[in-house]
Structures are given as structure tokens and as C-alpha cells.
Amino acid sequence: MAKPEAEEITTEVVLVKEPEEAHDQHHHPYAFHVSGPRNVAAPNWRELINSSWKDTNYKRTVIACFIQAVYLLELDRQENRTEENALAAKWWVPFKYKLAQTLIDERDGSIFGAILEWDRSAAMADLILMRPSGAPRAVLTLRGTLLKSPTARRDIEDDLRFLAWESLKGSVRFKVALEALKSVADRYGSNNVCIAGHSLGAGFALQVGKALAKEGIYVETHLFNPPSVSLAMSLRNMGEKAGFAWKRFKSMLPMSSETQVSSDAGEKTLGLGLKNWVPQLKNYGVGLGKWVPHLYVNNSDYICCSYTHPEGTEENNTGKENVGLTNGQVAAKLFVKSKGKQKFLEAHGLEQWWSDDLELQQAVHNSKLINMQLKSLYSLPAPQQTQGKAP
């Protein structure tokens, strides 16, 4: 009986192709492992002894990452990313925070801000039994302008609003952000909350933080590349023809009744000369030392570089009243990055604030522009510090 012929054994190699979306997420330029910080470790049990949040560089880096997450929340929304391939969460999860709330612009449905809260469950899983000293219980972060068609119109509208009126109170975003910050400050206590923003978001953060400070509620504030008003000031001080063009320009911009007058009581900013912008500091009060925003600016960024302009030299100030701060009061902490001449996009970008080679110097605090922004706080009611229990 003949033996059956040996069966041919063939091996089929099956290549499993990774889904395009997963591949895109892995190599996306905004993925945390691609463009995020390299020199910041995730919290661990040692945080119980020595908190990384006490390091100002660590705090600046993490908060900048939180702001980047807000940009990505909106991009995830625009690109219809799912929970599996979304980019934003990777920017807060390593630091043991979670998304508690998104802030939505009702005009276009875009995400312009978010509230991130300390994730106690995630921390406990890594044997971090309590929130590290200096780590905020909640962080309200606000993004800047996104030049993408779904949201660019409203972003630019608010940019122009600030340019024209030096106030963002007429924007729906101001109201939403203020209510959100008041809510978390009331829930956790203002000492356990901070607000931060980049570019246009920094403009909102400054004015929202200032609005609360005027009520005696002081929230830690971090402003990255905050917009200045120097361009508007320059246009105002041009000749009569330019002044007429300026009024025509402003009349084309949307505004509410809140922006038809100065946003701060006692500030008459429209139509004044440059000399009237110098703050009168004679009657400053308790708020000046209580609310001290942190400003991070780059000298090559023309949007924010005017914050580094000093009030004036000692020689120029001789014999003048109310020119600088006295009695050790500090209006703001100004951190300046000076790295030679840079291109605008690099100098205005958020990524620089967590880069490995970042070198900062703390500048003088008697900046003319800072004093102008904060002059309405120099006389305040008694503080109304909110009380809250932190787990």
C-alpha cells in the first residue's frame, strides 16, 4: 500500500496593521511623550516628605502642561478624537490630576478652558497618601487663540476686544471663567486654587483674578505671554486723524454695556494721554501684597514684552510722587526669558516654559504696564478669604 504523499506545510504570516488613529496618536507632534517636558518626573510616595510643588520650576512646568491640555481638548473636539486616542489627558494624568469641568464658549461650542482637580484615587494607587504641599486642589486653565476655522473667529474677536478696550469683560468667556473660579474657590478655599492662562487666556486669567482680588479673594495666578496694551496705547496717542480712525475701528467691534465704560471703578482709560496711564499709588491698600500674579514673558515676543518696561530710572523719578511701590509691597512677580533674538512664534509659544534649557530671571516689579493693570487694587475692602477643607 503506497504511503500518502506528505502534506505540504505552509506558514502564513499575518501582519496586524496598527489602526491609523492609534499610529497618529503615537507620533502626533502634540503627544505628551513627543513634545512634553523631559525633566519632570511623576509624583511618587516621596512627595509625602518633600513636595516637588515647592520647586517654582516644577510648578511652572506642570501648570504650562495643564494649559497645553486645554488647547488639545479643543483640538480633540475638532478632530473628533475618542477617549482612546485623545491627546489632552496625557498632559494631566502623569501629575495625578483629572478633568473636572470644561469651559465652553456658547457662541461656537468651543472649549476655551478647563478645571483640573487633584486625583486622589490615582495618587493613592501610587502610594501618595495625601496631596503634596503646594499642589493646588484645583487649577482653572485658559487657552489662547487657535487659528483653526471652528474657533478662530471668536478667538480673534476677543483679541480685538482686548486691543480696543483693554477689557475682556464684554466677552461671554469672562463671565464663564469668573463663575467657574468663584465656584472652586468657594468649594476648596482660595488658598487651594489657582488660575492660569496663555496669551489671550492669560488676559482672561489676569482680569478674572483681578476681579476676585477686588472682592478680597486672592487666588494664585500664573500668566504665560500675557497680552499687553502697548499697541492700543500707542494708537491712542497719535494725531487727530489716527484718533478718528481708532474710533471708527472700535465702533466696528462688538461690545456690551460693561465695556462702554472703564472695566474698573475709578479708571478712565478712553482717550487719555500716556501720562495719565501712570498709576496713582498713594492710597493702595491690603490687596497689593495679597494678590501677586506671576507673569512669564519673553523679550522677543512683541505681544507681551512691554511688561518688562520699567517705571523709570531713579533720576527720572526724583521729585515725583507715587511713581513706584514702597514699604516692600510687590505688585507682581515678573519672570523674563532672554535668549537672544527669537522668531515670534517661538517666543510666544507655550512649549518654551517647560523646555530643559529654560533660563529665567526675575525682573523688577515696578513695571509701568503691570502697575497700570493693577492700579485699581491699591485700595480694597477688607479681605474675604474663603475657607475650604482640603483632603
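Start with helix 5 (149–165). Helix 5 gives the largest share of the lining of the largest pocket, 5 residues. Helices here are DSSP runs of H or I with at least four residues, numbered from the N terminus. A pocket is an open set of points on a 1 Å grid over the protein atoms alone, with protein on both sides within 12 Å along at least five of seven lines; lining residues have an atom within 4 Å of a point.

This is a predicted model: local features need pLDDT of at least 70, side-chain atom pairs count only at pLDDT 80 or more, and totals for chains, interfaces and linings use all residues. Residues are numbered from 1 along each chain as its sequence is written, and side-chain values use heavy atoms, without hydrogens and water.

Next, add helix 3 (56–78), helix 8 (230–236) and helix 12 (344–348). Each supplies at least two residues of the same pocket's lining, as does helix 5.

Now look into the pocket. About 1300 Å³ of space lies there; a volume is the space filled by probe spheres set on the points, which are joined across faces, edges and corners. Which of the 44 lining residues are the closest to its centre? Select His198, Ser199, Leu345, His348 and Gly349.

Colour the lining by class: 22 nonpolar, 13 polar and 9 charged residues. Ala, Val, Leu, Ile, Met, Phe, Trp, Tyr, Cys and Pro count as nonpolar, Asp, Glu, Lys and Arg as charged, and the others, Gly among them, as polar.

Last stop: the second largest cavity, with about 30 Å³ of space. In a cavity, a 1.4 Å probe fits but cannot get out. Select helix 13 (residues 368–374), which gives the most to this lining, with 3 residues. Then add other lining residues, including Leu206, Pro293 and Tyr307.
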